[in-house]
Each structure stands twice: as C-alpha cells, then as structure tokens.
Amino acid sequence: MSKQRSDKPRIKPFAGPAGGWGSVRSLAEILPRERVTPDALLQLARQNKPHGFMCTSCAWPKPADHHPAEFCEEGAKATAWELTTLRTTPEFFEQHTLTELREWKDYDLEQHGRLTHPLRYDAATDKYVACSWEEAFDAIGAALRPLDPKSVAFYSSGRTSLEASYMYGLMARMFGNQNLPDSSNMCHESTSVGLKAAIGVPVGTTRLVDFEACDAIFFFGQNVGSNAPRMLHDLRSARKRGVEIITFNPLRERGLERFTDPQNPIEMVIGGETQISSQYHQVKAGGDIAAMLGIAKFLIEWDDAALAVGDSPVLDHEFIAQHTHDFHAFADAARAAEWADIERESGLARSALEQAARVYAKAKAVLAIYGMGLTQHVKGVENVRMVVNLLLLRGNIGRPGAGPTPVRGHSNVQGQRTVGITEKTELVPVERLKELYGFDPPTEKGLDTVETCRGVIDGSVKAVIGLGGNFLRAVPETAAMEEAWPRLDLSVQIATKLNRNHLFAGKITYLLPCLGRIEEDVQASGPQAVSTEDSTSCIHGSRGKAKPAGPHLLSEPRIVAELAKRILPPNPRVDWDGWVADYSRIRDAIEATYPAIFKDYNKRLFTPGGFWKGNKAAERIWQTPSGKAEFLAPSGLSATGFADAEGRFRLMTLRSNDQFNTTIYGYHDRFRGVKGTRDVLFINREDMAVAGVSEGQTVALESDAGDGRLRRREGLIVTPYDIPRGCLGAYYPEANVLMPVEHHAEQSHVPAAKSVPVRIRV
C-alpha cells in the first residue's frame, strides 16, 4: 500500500502560477505512483478528443478545435487513477476487516487500486468475500422485491453515462418510486431551481463560442485552477483580447490570479504568465447577494440620474419591457438598500463595488460564471436569482457572448437530469414513458439527497443502491449517517475502487466492481460507446479503448439490466438484454423518450465539440408562468441563513488541487502551499488573535447550529491565510461531520457547505 503523507506536514505560501511547471511536475508524480503502463499515456492522447473518451473528471466543454493535449492536470490525475495497475483483490479483504479499514484515510483506501471481483459482506467475519455475479444479482433481487418501493433509494454519481442513467431511472420508476438522489442534489440543484424559476430552463444558456464574443466576464464562487482547469485556456484567450474578468471569491485562488499555459512552449521557457482577473474582490462567504445588489444599485441609480437629465440610459429598457417581469419591485429593493448594510454583509467597500459596476455598465456582452460558492448556501437559490437579475438589467441573456454559465462538477451530472435522474415528476415525460413501456410511472415526488439522509437516519429508508460515487462520505451529518447505515436492510454499491461508503455494511451488502469509462466495453454487438453532457448542454460520444482492470468486471448498463431483471416483472416492451448487447438501442430509446433533444442521436454521437441540445432561454423564449424572465427582490442580504455572533465563524468546505470531489489523489494542495496533510484550518490572522490561537496550533471545530447535537472535527492545524474576517476554510469531505443535514439551501435542499456555523475549540 502506498502512503504519501509526510511525517512533518509543510505549509508555506506558493509563489507560482496555475498551470506551468507545477502542473507538469504534478503529473510526473502521479503516473509512477499509480504504476500506469505506457498504454495510459496513449489514452491521454485520446482524452476529450473526437472519437476518444470524455474525461471522468469535470464537465467543462470539449472544443471542436482541440489542443494537442486536451487534458488538464486534474483530468490527467483522473485518468491515471482509473488506469492504475494497482488492484484490490479478494485476498486483500481476507487480510482486513471493515472495522480495521475504517481507520484508513480516504486516499489510502482508493490508492490500493481497482476492485476486481464482486463481493458480499460476511457479518460473521466482518469481511468482504468473493461471490459470483449470479449470486449477487439473485440475492439483491430477493432482498429488494419484498420492500416497499418508497423505502428504497437509487443514488447515482455524476460520472455515470447517459445510457446507464436512462436505464437506471427507468428501472427505479418501474420498481415504483422516484427516489433518485444524485450528485446534482449536492451541488447545482440551486441552479436547477433558480434558473428554472427565473428564465424557464434549469441550465446555463451559454456555449464555448460565447467566450469569443463577450467583452466582460463576472466570476463568482468557483475555483477554476483546481476544479475546471481547462477553462483557463478560454479565460486566457479572453484576457489576451482585452476582456475584463471581475472576480468575486472569498479566497484568492491562484487559477483566478495568473496562469502559465503548459502547452505554450514560449511561456514555459520564459516563465510567462497571463493575469486572469482584472479585478479581484474577496467577498465574505455568503456575501454575494449583498455584493450583487450593490452593483445593481449603482446601475439603477446611474440610470435614474441619466434619464432625469436626458442622457443615454444605463439599463436596457427595451429588453426589460419586452422580456422581463417584476423589474420595478427589484429596482425599488436596490434603491432602498443601505450602503452600510451592503458593505457589512459583503465585506467589500462601496468603492470596490462601484469599480465592478463601471465595467458592467460599459460592457456590451457579459458572461456570468459561477460555481458552488453561490449554490451551497441556505440562500443559494437567491444567489442564482441575483446573477440573473444582474444579467437582465442590461439584456445579457439570449445574445452572443452573454448569459449565465454555471460550472458543473462531475462529467455528466447535468446529463443525468436530462435523461430522467430526478425526483421531480415535472422534469420527466411520464406520459411518454407510459406510452413506450406500458406502465404507470409514479407521480409522487421522490427523495432527494437530504431527504434520503433523513430517511437513513430515521429508518424509513431501508435500502440504498449506489451507482458509483461515495454517498456516505459526500453527504452532511457524517457521524449520524455512519451510525445509521448498518441498520439498512440492503446496501449495494457499484464502484471501481474501494471508498469509505463501502466500509459501512447494511444487513445485506454487496460491492459490485464495474468497468471505467476509459476501458474497452465489449458486448454482443462489439465494442460500445457511451455519451455524456457537458456544462454547456453539448452531448459527446465517448469510447474507451484501455484494457479492462480485470476479467470479472461488468459495465454499468449490464449491471443495471441484471438488477432490473431481478426486481421487475417481465415487460415485453423493455428488452434489457438487447439494450446491453448494443448501446445504440439505448440511445434509440432515449431519442424516443426525448425526441426534441436527441433527434438523430446515434448519427450525431461523435460530432466534434458535441451536439447542442438547445436552450429556449438562449432564444429569449421564457418558459415561465408569466412568459417572461423573472426579476426577484432578495429576501435579505446574507445567504448564510444564520446570524453573526461573537465567536461564531462561517466555515467554507474546500477542495484541494489534489482531489476531485471525494476522490483524494494525494496530500498536496500546491496552490495553497499545503503539503503532506489535509488537517488544515485556514483563518485570517486577525481572527487568530481574537480567538487566541497561534500558527501551527492544533484545534477543533464544533458545529454552532444550535440544535443541541455535538458535531466536532478534531486535529486541525491553524494556518493563517488571506481569507475574509469571520470566515474559515477546511477540506471537504472531512469537514462534512460539522454540517447538519438540515443546514441546506431553501427550495433546492443543496447542503449549505460554503457557510457552516462553527466555533473554534482549543
């Protein structure tokens, strides 16, 4: 087993840019650590290319005109992680109990290598033992069939293909529920709810081509250097042609400061850099509503003054009159807002917001890029609505170079929703499903992630099937969830590597190893392709060609089909075996279900740059009750959902640049200067003095939710950092133990991980 942690963690500032030789060295470190073969390097050359495979990491778009190496540091890590030659075999589990393995770190569990055989949990020995696929499928079917369908949850990871996702959602509905929690519930559901209410579509309206047409980019709450590094090429190109990039983010993230293009030989040789942000505003965690309202206040009051003297207007009044509703209520709220309140809640000076507003006022086409720094707050939906408010003021939706651009995480998390992975009936063509497959789809709303957690804790959820992911590690309320999980009647996890979720067994538990996306998937009709949808609603084909990690692995569609055959009565209209034999038949079924989106699906599968599924709001067709885009006056200036108090901090959970979601690639966070540990508490130096703690001291955090439950994270190293007063940072998922399951976004139920109320304990 590989242990990467150093005996003495080192924390010191990093002086270099994003990209550059740091990215090259990072890749040079992980390839030998994963013991990849030369074939893995050949696979990297196919990554994000036409007729290649889509990266298993983030969902940033894949360009038609690709770079020679169309992968970033994080994407290369994801590929090496999947193509590792390290293996976790049944012999490994003969040597370790699950109780023992719970003492291992997340990195060490996954670093041990790819799972090779289907496994059954043996309670008598507290170990996994190898079993046959038939035994596993039959036992799972026997355990599921007697259960009330409402008591079963079907979770899926955002890495799962469109084909497997469609089959999985159909299986759940035919079983009798819409309990389909997924990765979107944990991150961008606030986008799905907020954009749907505001402009009639649940996704962003822009595409890569819009980066070539904008003249300003407003950037909120997204760490591009660690979470979507390929976007840096688009940001660099925009800056090179003079586009202003105005950034609002609590931490000064290196990818939003400066970038050296690893594919530019001149920059690499001379150490050239591109400054990414032309303005950088360190807004307080949860202060974005106040910041955006301040910008809007300037725009509206400048417009009032201009109209009063007959000057040219600042706002696009023609667009507002023709395409929007409730402008006056929003404008009145902006005018009435007090600057003292805006400055206090945003943590920004009035002059800083004026500087940003002046750029917005003169720009002809503005992209608004944002991430989970907006969505993962109690008022996360209002954060998204405020982004739309800003764009609507000057008609920045539905024209080239303008519009909301949410940055999704997992490579197909948006696509899953497109093909039916949702708990909401209104997002699924239930009548079409009934017509195609001859059953009555459930219409009762299903369980989302938060509701599934509630159900596991209170016992109303009896079984959880996990199609990928690390659900138990990704969700809030970690301690209570781990305590409750063994009470499940059934836990089934479909995975490529061992993770912490697998170490908590239900009464009946199976761990089923699957093929990865990069591996060749051969079925009865030959090698298969799958598809994914990126953040800009473009759909891409993906074909794996790497040798599978072992002969006993099955594909996700095959596993779903075998489960469906065990838990559902025979249905002559659903040919599960035929779908598995030829995935193009699954795509035909998707096209039949969603004909407007997937017309000529198989013909367009490998369109360079993907094929766009369309977007009515991008055409200025507003599918809202009013038939227009909706302004919304915010209910308050803070997105946190709790009041400030002496000794209470706003904790932001963070990812390092050595991880992707719950997958930990190593113990280095290069951009923040951390090496050899993840037990870090980032804190403002002035707050250190007030809290009475010193650099390098080890402290604990405790939840300050006020519900009487003790939630505690021990062993954090106090690390002074450039972070707003009153805010703290700690790594996800280790800090999830501090987050109550009920601390979530209103309306969307996204866990509010970017502003968790905590106190420091010495």
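Modeller: Welcome! A salt bridge here is a side-chain nitrogen of Lys or Arg within 4 Å of a carboxyl oxygen of Asp or Glu. Please keep in mind that the model is predicted.

Biologist: Thanks! How far apart are the closest N and O atoms of Glu423 and Arg417?

Modeller: Side chains of opposite charge can pair when their charged atoms come close. Glu423 and Arg417 do form a salt bridge, and the cut-off for one is 4 Å. The closest N and O atoms of this pair lie apart by 3.5 Å.

Biologist: Is Glu423 buried or exposed, and is Arg417 buried or exposed?

Modeller: A residue counts as buried under 20% relative accessible area. Arg417 has 11% relative accessibility, which makes it buried. Glu423 has 1%, so it also counts as buried.

Biologist: Which residue of strand E31 meets the side chain of Arg761 in a salt bridge?

Modeller: The N to O distance in this salt bridge is 3.3 Å. Arg761 belongs to strand E34 (residues 756-761) and its partner to strand E31 (residues 698-703), so the pair ties together parts that are 59 residues apart in sequence. Arg761 is partly exposed at 36% relative accessibility, whereas its partner is buried at 15%. That partner is Glu702.

Biologist: What separates Glu354 and Arg358 along helix H18?

Modeller: The side chains of Glu354 and Arg358 meet in a salt bridge, at 2.8 Å from N to O. Glu354 is partly exposed at 25% relative accessible area, and Arg358 is partly exposed at 47%. The two sit four residues apart in helix H18 (residues 350-362), so the separation between them is about one helical turn.

Biologist: How many salt bridges does the count come to?

Modeller: Some of the charged residues join up in a network of salt bridges: Glu134, Asp138, Arg558, Glu562, Lys565, Arg566 and Asp577. For the structure, the count of salt bridges comes to 58.

Biologist: Let's turn to the pockets. Which helix gives the most to the lining of the largest pocket?

Modeller: The largest pocket holds about 800 Å³ of space. It is lined by 25 residues, and the closest to its centre are Lys196, Pro202, Leu427, Ile597 and Lys613. Helix H10 (189-199) and helix H21 (413-418) each supply at least two lining residues. The helix that gives the most, with four residues, is H10.

Biologist: How many residues of that lining are nonpolar, polar and charged?

Modeller: Sorting the lining of the largest pocket by residue type gives three groups. They are 10 nonpolar, seven polar and eight charged.

Biologist: And which element supplies the largest share of the lining of the second largest pocket?

Modeller: About 550 Å³ of space lies in the second largest pocket. Its lining has 28 residues, with Pro63, Ala64, Leu208, Glu212 and Asp234 closest to the centre. Helix H12 (231-240), strand E22 (538-542) and strand E23 (611-612) each bring at least two residues. The largest share, four residues, comes from H12.

Biologist: One about a sheet, please. Which strands stand at the edges of the open sheet that contains E10?

Modeller: Three strands form this open sheet with mixed pairing, in the order E2-E10-E11. Each edge strand has a single partner strand, so one side of each is left without a neighbour; the edges are strand E2 (18-19) and strand E11 (274-275).

Biologist: Which residue in E10 is the bridge partner of Gly19?

Modeller: E2 and strand E10 (residues 258-260) pair in the parallel sense over two bridges. The bridge partner of Gly19 in E10 is Thr260.

Definitions and conventions:
Residues numbered from 1 in each chain as written. Predicted model: local features only at pLDDT ≥ 70, side-chain atom pairs only at ≥ 80, totals over all residues. Heavy atoms only, no water. 1 Å grid on protein atoms, 1.4 Å probe; cavity = no way out; pocket = protein on both sides within 12 Å on 5 of 7 lines; lining within 4 Å. Points joined across faces, edges and corners; volume = space filled by probe spheres on them. Nonpolar A, V, L, I, M, F, W, Y, C, P; charged D, E, K, R; others polar. Pairing = 2+ DSSP bridges. Buried < 20%, exposed > 50% of the residue type's maximum accessible area, 1.4 Å probe, protein only.
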